[in-house]
Amino acid sequence: MTKELEHHFVELLEKHQNIIHKVCRLYTNNYDAHNDLFQEITIQLWKAYPKFRGDSKFSTWMYRVGLNTAITLYRKSKRTINTQDFNGVEFRMKADDYDDTEEQQLKTLYKAVYELNDIEKALVFLYLEDKDYREISETMGITEVNARVKMNRIKTKLKTILNP
Amino acid sequence: MDELELLKKDWNRQDTTFKKLSSEDIYPILQKKSSSIVKTLFYISIGELIFWILINVIPYFSSDSFRERLDAVYTNEYAFMGLTVFSYGVILLFIYLLFKSHKAISVTDNAKKLMESILKTRRVIKYYVLYNLVMAFISMVIGMYFAIMHDPKLTDTISHFNQKQMLVTYAILIGVTSVFVFIIWLFYKLLYGLLLKRLNKNYKELKKLEV
């Protein structure tokens with residue numbers, strides 16, 4: 001692989017790295033695991049990059065490879081088993097512009113999302129990233145109708161958790 | 001307000017909280033080796049190929065008595081040659097199928113298709129192992145039969161067995177074979193079970209959406 005290709009790839013990755021970070025945050029629960037998954041996704045992206053054609057956006061392509069790696073390819077290493085040292089919200093929230101009830105609600109919501117299974121998480125992630133149902137269905141390999149139905153079920157599930 | 005809308009509002013605020021990697025941080029990652037299950041599966045399938053080829057080849061070349069016995073069993077030279085050609089043909093076929101299915105695995109497919117290609121590769125390995133186990137079993141039975149037939153001392157001993165002794169002999173043979181098969185089965189269950197546990201779960205979850 002040429003230096004130029006590598007340079008181009010790194011530039012794009014640096015610009016769009018937040019997509020990978022967000023996938024990692026959703027599928028891992030501590031700092032080491034986050035970095036581990038980040039590396040694996042980057043390696044998979046790099047391996048697939050020569051076949052990347054400009055006909056889809058780089059970011060769209062990243063969602064697919066990122067989620068595929070998180071859901072299917074990634075093998076959790078031993079050090080990622082530790083789950084107690086992480087609380088999604090505390091890890092994330094530094095801003096203090098939330099009012100108490102909203103913060104509380106968000107806390108519960110994030111916790112609920114973490115408890116979803118891998119597939120549900122993927123759907124929620126794409127939804128939060130403002131992807132339409134066509135793209136969600138294409139990324140996951142399910143029909144648009146099924147993506148919608150599943151998404152509605154997840155919403156109901158979250159609602160129940162939030163308002164028991 | 002919709003719960004997810006609330007989450008969405010907050011979701012994009014987190015962008016600033018990530019530790020940003022610079023291009024200097026990214027370059028070294030590109031040199032690292034992947035530790036994905038596809039890679040592991042690939043090594044396992046190569047291992048399987050080599051292991052079973054060795055199992056088939058080593059006894060023939062390392063032990064003269066084995067070779068002599070084998071030559072005695074296959075008095076018909078053509079039958080032996082035919083069998084050899086057949087077994088190497090099967091190995092070549094499996095190598096071809098394995099590489100084809102490995103090549104079909106693409107991280108840029110959709111999630112379901114990717115899982116299916118990995119499971120397909122795993123099935124090819126499974127059939128290869130199954131084929132070898134069946135062949136091992138058949139040659140064990142044939143080998144035992146000829147060993148008894150060609151060994152006058154053994155034939156003599158067995159002909160003096162009463163029914164009870166005969167039953168015990170059968171029971172021992174069946175017992176030993178079962179334990180042998182069970183251990184191999186357990187090994188594969190553990191190996192692939194651990195490796196593909198998450199994939200199987202997620203694939204089932206996706207399939208469930210289709211009903």
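Student: What makes 66 residues of chain A and 51 residues of chain B count as being in contact?

Tutor: In this predicted model, 66 residues of chain A touch 51 residues of chain B, where contact means heavy atoms within 4.5 Å. Residues are numbered from 1 along each chain as its sequence is written, and chains are lettered from A in the order in which they are written. Local features need pLDDT of at least 70, side-chain atom pairs count only at pLDDT 80 or more, and interface totals use all residues, while side-chain values use heavy atoms, without hydrogens and water.

Student: Why is the pairing of Asp130(A) and Lys8(B) called a salt bridge?

Tutor: A salt bridge needs a side-chain nitrogen of Lys or Arg within 4 Å of a carboxyl oxygen of Asp or Glu. The side chains of Asp130(A) and Lys8(B) meet at 2.9 Å, N to O, so the pair satisfies the rule. The rule finds 3 salt bridges across the interface of chain A and chain B.

Student: Which helix of chain A gives the largest share of the side that touches chain B?

Tutor: That share, 12 residues, comes from helix 1 of chain A, helices being DSSP runs (H or I, at least four residues) numbered from the N terminus.

Student: Why is His160(B) called exposed?

Tutor: Exposed means over 50% relative accessible area with a 1.4 Å probe, protein chains only. His160(B) has 61%, so His160(B) is exposed. His160(B) lies in the loop between helix 7 (152-159) and helix 8 (163-208) of chain B.

How values were computed:
Helices (H or I, at least four residues) and strands (E, at least two) are DSSP runs, numbered from the N terminus. Buried means under 20% relative accessible area, exposed over 50%, partly exposed in between (1.4 Å probe, protein chains only).
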